[in-house]
Amino acid sequence: MDDQGSSVTLIFYRIQPKWWREPALNVISAAAQMSTLTHVEIAIGEEAGQSGTMKHVARIFNDAVGVELVERTGRNPQNIYLQLGCSKHAEQRMLSFVKNHCVGKPFSNLAMFLSLLWPRQTDCNSFFCAELVAAILQDCDGGGGRAEPDEVRQSLDSALSEEQKPVDDGQGGCTAAP
């Protein structure tokens, strides 16, 4: 049986030029990384939600909600979108992993702060944004067929090496409608 192709879309938030209007955590993150990118989310699969939104976006913020699966419009001009190909099987496995192991887990300020000095291997009990995306791509419940970290890193390095080119429609946004 042939496995249909699919994809995941990494959604990077770029700090605004008026950085002093950003939350303090974003400013600190940008300065520590020497980058304008301060947050990442992942849209799993190509299924469109209501009104052509990206469906199944896994994200976490520093709030009481923790990890959640939401829909996104894909129209925020501060975001950069990077699509990576995967199999339909990998899409289903990642989505299952998020639903069964991640949704509702809390944000970890300590892990985010320490990641600059002493990165941890997540135990999937708490996350910060980049750690959540990495766990999804690596499938940290050990369920076979996982993406190897070097493969993911090489894909990201080559895709972002052209200095964070946004994928947009020329009008400050992009859509996820098929």
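**Notes on strand pairing and a helix contact**

1. A good place to begin is Ala43, which stands opposite Val57 in strand S3. This is a predicted model, so please read the points below as a description of that prediction. The two strands involved are S2 and S3 (residues 54-59), which pair in the antiparallel sense over two bridges.

2. On to the other partner of S2. Strand S1 (residues 5-14) pairs with S2 over seven bridges, again in the antiparallel sense. Within this pairing you will find Ile11 opposite Glu41 in S2.

3. How many residues of S2 (residues 37-44) are buried? Eight of the eight are, so the strand is largely enclosed by the rest of the structure.

4. Now for the helices. H2 (residues 88-102) and H4 (residues 129-138) have axes that come within 9 Å and cross at roughly 125 degrees. Angles over 145 degrees would count as roughly antiparallel and 65 to 115 as roughly perpendicular; H2 and H4 are therefore oblique to each other.

5. As for handedness, the crossing in which H2 passes H4 is right-handed. On the H2 side, Met94, Phe97, Val98 and Cys102 make the contact, while H4 brings Leu132, Ala135, Ile136 and Leu137.

6. Which classes of residue make up this contact of H2 with H4? Eight residues are nonpolar, with no polar and no charged residues taking part.

Methods: Residues are numbered from 1 along each chain as its sequence is written. This is a predicted model: local features need pLDDT of at least 70, side-chain atom pairs count only at pLDDT 80 or more; totals for chains, interfaces and linings use all residues. Side-chain values use heavy atoms; hydrogens and water are left out. Axes are lines fitted to C-alpha atoms, for helices over the stretch in contact, and angles run from 0 to 180 degrees between N-to-C directions. Helices (H or I, at least four residues) and strands (E, at least two) are DSSP runs, numbered from the N terminus. Angles under 35 degrees count as roughly parallel, over 145 as roughly antiparallel, 65 to 115 as roughly perpendicular and the rest as oblique. A crossing is left-handed if the near helix is turned anticlockwise from the far one by less than a right angle, and right-handed if clockwise. Contact means heavy atoms within 4.5 Å. Ala, Val, Leu, Ile, Met, Phe, Trp, Tyr, Cys and Pro count as nonpolar, Asp, Glu, Lys and Arg as charged, and the others, Gly among them, as polar. Buried means under 20% relative accessible area, exposed over 50%, partly exposed in between (1.4 Å probe, protein chains only). Two strands pair if DSSP finds at least two bridges between them.
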